[in-house]
Structure formats: structure tokens, C-alpha cells
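Hi,

Here is the structure I promised to pass on. Have a look at it first, and my notes follow underneath.

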Amino acid sequence: ADVQRYQFDIVMSNVSRLCHAKSMATVNGSYPGPTIYAREGDRVVVAVTNRVAHNVTIHWHGLKQRRNGWADGPAYVTQCPIQPGGTYAYDFNVTGQRGTLWWHAHIAWLRATVHGAIVVLPARGVPYPFPKPDAEVEIILGEWWHADVEAVEKQGRALGMAPNTSDAHTINGKPGPLFPCSDKHTYALQVQWGKTYLLRIINAAVNDELFFTIAGHTMTVVEIDATYTKPLSASTIQLSPGQTTNVLVRADQRPGRYFMAAKPFNDAAVPADNKTATAILQYAGVPASVLPAPPRLMPETNGTGFVAAFHDRLRSLNSARYPSAVPLAVDRRLLYAIGLNIDPCASCPKGSRLAASLNNITFVMPRVALLQAHYGGLKGVFAADFPDRPPARFNYTGAPLTAGLGTSLGTRLSRVAYNASVELVLQDTNLLSVESHPFHLHGYNFFVVGRGVGNFDPAKDPAKYNLVDPPERNTVGVPAGGWTAIRFRADNPGVWFLHCHLEVHTSWGLKMAFLVEDGDGPDESVLPPPKDLPKC
Ligand code: C2O
């Protein structure tokens, strides 16, 4: 195993898109930021130096960081932020994982501009479980705001309304020719006829789930969230913020130019953001003056049916070499109802504001990092009493809107015994707005054993679970007005964040954390914190 070292300078950079220039935070001046390359088993050390006027942290999304939450990155969960002028070296081993993941700032909405890909190759000499591609390329989907994202975030936090949507979506930082002034801000993927490409696709958007397609070409999904899948061919795929999808594409069509496109999937009742980013698949030898084949017709923006069908077809590889580790028995059953609420906030400008909750608890960020408080035995920072189910049984998806609008504020964690196998059912509700929510769990991969519309039925639904080859991932969509059941074995001690990866909902409090206790064994406790861990 090798050591991969990187220096990340967080700096202000001038970037212009759509005839609009702005100064924004980037890593080393690039947008998207640099790719981290490693092999399974490597140690990675990324020294992050904060040269901007804001606090910063970086999260390595999808890396499990076993016993090493100190390197996980969410601000006030596992660490205090790196203050202006400060440096913190994220030091971690990439063990038992390989594939496409990504890194992003994990404080406020800074990840809008501070993000990039992580590529973990298999250990030397270990092949992919699919034909070796001729080339590999990262495709990062994102969002561009003319406004300072901080201002958009403030708008989302303070007012009783949703914040403005972005001005464009982007593919590798570029909106593509359908947007004004964007001809030169168009990403082109150069291909040679007959060759096969591995596209490592990442949804780094702030608030949008996205569809992705390539005109005239079929994609074969071989990996999601850095776990191998049975090959699945698809003309359009869907990814939520936080999710990654590797596809194989063979350049086997008439040599030409073909549009790739990313457009939002949004099934909320609120006005949809429908701006499509495009890029070009460019065959070698074809002049750039050739008109590209038009983007494929994609599912409707509210194409819930398409999304359900696509995700239901995903299966983990579950081969002899990569067997599924889905827990068959369950020690701890959790049911978390997702709500968008009105918080009667006396000090707010409007007397109340939008909030979001799990089991009617709107999570309040502490001022000291939770992991530090847990490790150091610091009292009064959090309570470990997060309820295992909603406060009262109600008709989650059919109740009148007023049935459960109330929420309570709290920094409450759920305590989990080391190595317990946990089943968590995430149940959407129709409080205020039904909407699909991509949930991300830090510190773990989980298995998506079931999904359905309406209310989860504990008597009937578990019989329909897939306990053979369920998709293994770190971020999963909870369908609008439906539920998703996940399972994981709590073999990673520490404090691990669970949150909606739509930043607007996270800001409103759609988050909580698990406190996974140490085990008794020699490799079952949280490691001591590094010396340079930032202080609050
Ligand atoms: Cu991709 Cu908690 O984040």
C-alpha cells in the first residue's frame, strides 16, 4: 500500500459562467476541484489549508473512516471547523472499498463550489468484475448560482419560503451550449470509435436530484456508491446528490457529436427547477462544427415512476468475490418519519419559519463537535435519547396537513450498541410537502432492502424485502409519500451523521446522528484524535 499526499488550499477564485463573473471559494483554484486518486488499501493524507474568510471542513463522502471519525469532516459533528489561516491534515486509510466517491466541503452550503471526485482503484493486480474499459473519466454534475451561495442559504434559513434555485446545472463545472454565453463553457468527452469508456458519474448538486443521459448510446451501470452491481443497461439514469454511478459506454454509433444531458428530477409540489445542463460526446475526427444529435427525451421532471423502476432494477453484484453482507437478522428496529414543518420561532423575522424534522425533532447543531464531546466525556452537548419511532402513530402519508406540523428542537443522538444490526425505515410524510429525500449515512454503507409507496406496514412489508442482493450504498432516495428500509451492521464506533443530502432540507434540520458505542475488542474503539484536530 502507498501513501497518497495532497495539499488543498481553500482560496477565493474568480470564475465566470453565463456572462457572470464571481469570486467564490475553490480548492487550489479549480472548479470542480482536483480528483483524489488512491488504491484500495492506501493511506491518504490531505492537508487542507483555509485561505478564505470562512470556516471550512472537508468530508470524504462514502469513505467509511472506520474508528477514525476524526477524518470524516462534517462541521460540529466530528470536528470543529478549520478556521481562516488554519491547516488540518485529513489522514485516513482506504480499506475494503474501491470505486467512485467524492469529497466536498461540509459546512453551510460551501460544497456548492468546493467539491471533487475520489477515485479508488482496486488493489494492484485485482481486476474489475467487468471488461476492462479503454479509458476512464469523471463526470461531475453540479449547480451554478450567480449569487453568493451563502446569501441563498441565508434566504433559505431565515424566511418562511424556499430559497432561490440555481441559475444553471453543470457537467464538470460547465453548463453547456443551451445556456447563454456558454459555448466555451461546454464539456466535451473525446472518444474513439469502438472503444469502451468507464464514466464515473457524481451528483454534486446542492439541491437537485438529477437524470443523466447520452444521446444515441446505452449505458451499462456497473457500480453505485463504490459498490459493484449486476450490469444494468439503461438509456437514462437517475442520481441524487451524494450518489455516484459508474457506467460503461461503448462508442459504437455513427461517428458524430452527441449531447449528454443532466436535468432535475423533482416531484415536490413547489415550482420545479427545470434547467438542463448539456455536454458533448465527441467522436475523434468529427469537426466541432457538426451539429450534435439532440439530447434524448428524458423522463418528466416529476417522473417518480421512472425513478422507482430504475432503482428497483439495481442489484448488488453478490458474487463469490464480492458477496453481499446484508444483515439477515435485526437487533434494533428504527422508524424515522420525515417531516417538513413550521417552526413557531418567536425571534424569526416572520414569527415562524420552515423547518424539517425526523420524528418531529429538528436537529440543532452544537457549538462543540459531537465526536469530541463523546470521546472526551463532555456533558451537556447532546442527549443520547433520539426516539426509535415517531412520537405518535399517525397516517403518515394520508393525514390532513395539520396532523403533525409541530416540531421540537434538539441535539439528540441515537445510541447504538457496537456491532448491532440495525434496520432503519425512513418514512416520508405529507406534512407540508411530499417530496423525495436522498438520505446519506456517514461511516457506513447500508443495504437497501425495501421500498414502497404509502405507509410502511411492519406486518406485511418485510416479507417483500430483498435479502439476497440488495443494492449497497451510502445515499438512498426516500420516495415522495413512501418509505425506504435500510440495514447496516454498526461495526464502526463513533458519531455518524444521517441527513438529507438536499442542502436546503439539511439547513432546516433534516438530520440527526448515531452514537455507536465502542466494542470490547482491541480494534473496536474510536482511535485517539490527531494532534492537529481543530478546536472550536
Ligand atoms: Cu455528502 Cu454529510 O455528506
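**What I found**

Let me start in the middle of a sheet: I139 has I201, in strand 12, as its bridge partner. Before going further, two housekeeping points. This is a predicted model, where local features need pLDDT of at least 70, side-chain atom pairs count only at pLDDT 80 or more, and totals for chains, interfaces and linings use all residues. Residue numbers start from 1 along each chain as its sequence is written.

**Strand 12 and its two partners**

Strand 12 covers residues 196–203 (strands here are DSSP E runs of at least two residues, helices are H or I runs of at least four, and both are numbered from the N terminus). Seven of the eight residues of strand 12 are buried. Buried means that 20 or more other C-beta atoms lie within 10 Å of the residue's own; exposed means 12 or fewer, partly exposed is in between, and the C-beta atoms are placed from the backbone.

Strand 12 pairs in the parallel sense with strand 9 (residues 135–144), over seven bridges. Pairing needs at least two DSSP bridges between the strands. Strand 12 also runs antiparallel to strand 17 (residues 244–250), again with seven bridges. There, T196 sits opposite R250 of strand 17.

**The whole chain**

Stepping back, the protein has four helices and 32 strands. Its radius of gyration is 22 Å, which agrees with the value near 24 Å for a compact globule of 536 residues. That radius is taken over C-alpha atoms, and the globule rule is 2.2 Å times the number of residues to the power 0.38. Along the principal axes, the C-alpha atoms fill a box of roughly 65 × 55 × 50 Å.

Of the 536 residues, 52% count as buried. Among contacts with a separation of 6 or more, 78% are between residues 24 or more positions apart. A contact means C-beta atoms, placed from the backbone, within 7 Å of each other.

**Domains**

The assignment gives domain 1 (1–126), domain 2 (130–316) and domain 3 (332–516); such bounds come from an automatic or database domain assignment. The centres of domain 2 and domain 3, taken over C-alpha atoms, are 28 Å apart. Domain 2 puts 30 residues into the contact and domain 3 puts in 27 residues.

Which elements of domain 2 each supply at least two residues of the side that touches domain 3? They are helix 1 (149–158), strand 15 (227–234) and helix 2 (304–313). The residues on that side of domain 2 are 13 nonpolar, eleven polar and six charged. For the classes, Ala, Val, Leu, Ile, Met, Phe, Trp, Tyr, Cys and Pro count as nonpolar, Asp, Glu, Lys and Arg as charged, and the others, Gly among them, as polar.

**Two open sheets**

One open sheet has four strands in the order 3-8-7-5, with mixed pairing. Strand 3 (36–39) and strand 5 (58–61) are at the edges with a single partner strand each, so one side of each has no neighbour in the sheet. The twist from one strand to the next averages 20 degrees (axes are lines fitted to C-alpha atoms, for helices over the stretch in contact, and angles run from 0 to 180 degrees between N-to-C directions). Strand 5 runs antiparallel to strand 7 (residues 99–105), joined by four bridges, and I58 has A105 of strand 7 as its bridge partner.

The other open sheet has five strands in the order 24-32-31-26-29, also with mixed pairing. Its edge strands are strand 24 (413–416) and strand 29 (475–478), each pairing on one side only. Strand 31 (residues 494–500) and strand 32 (residues 511–516) are antiparallel, with six bridges, and V495 stands opposite L515 of strand 32.

**Two residues to look at**

G519 lies in the segment after strand 32. G519 is partly exposed, with 15 other C-beta atoms within 10 Å. Its C-alpha is 7.6 Å from that of P493, though the two are 26 residues apart in sequence.

Is A337, in strand 20 (residues 332–343), buried or exposed? A337 is buried, because 26 other C-beta atoms lie within 10 Å. Leaving out residues up to four places away in sequence, A337 touches N359, P390, Y396, Q427 and T429.

Cheers

Technical notes. Two residues are in contact if their C-beta atoms, placed from the backbone, lie within 7 Å.
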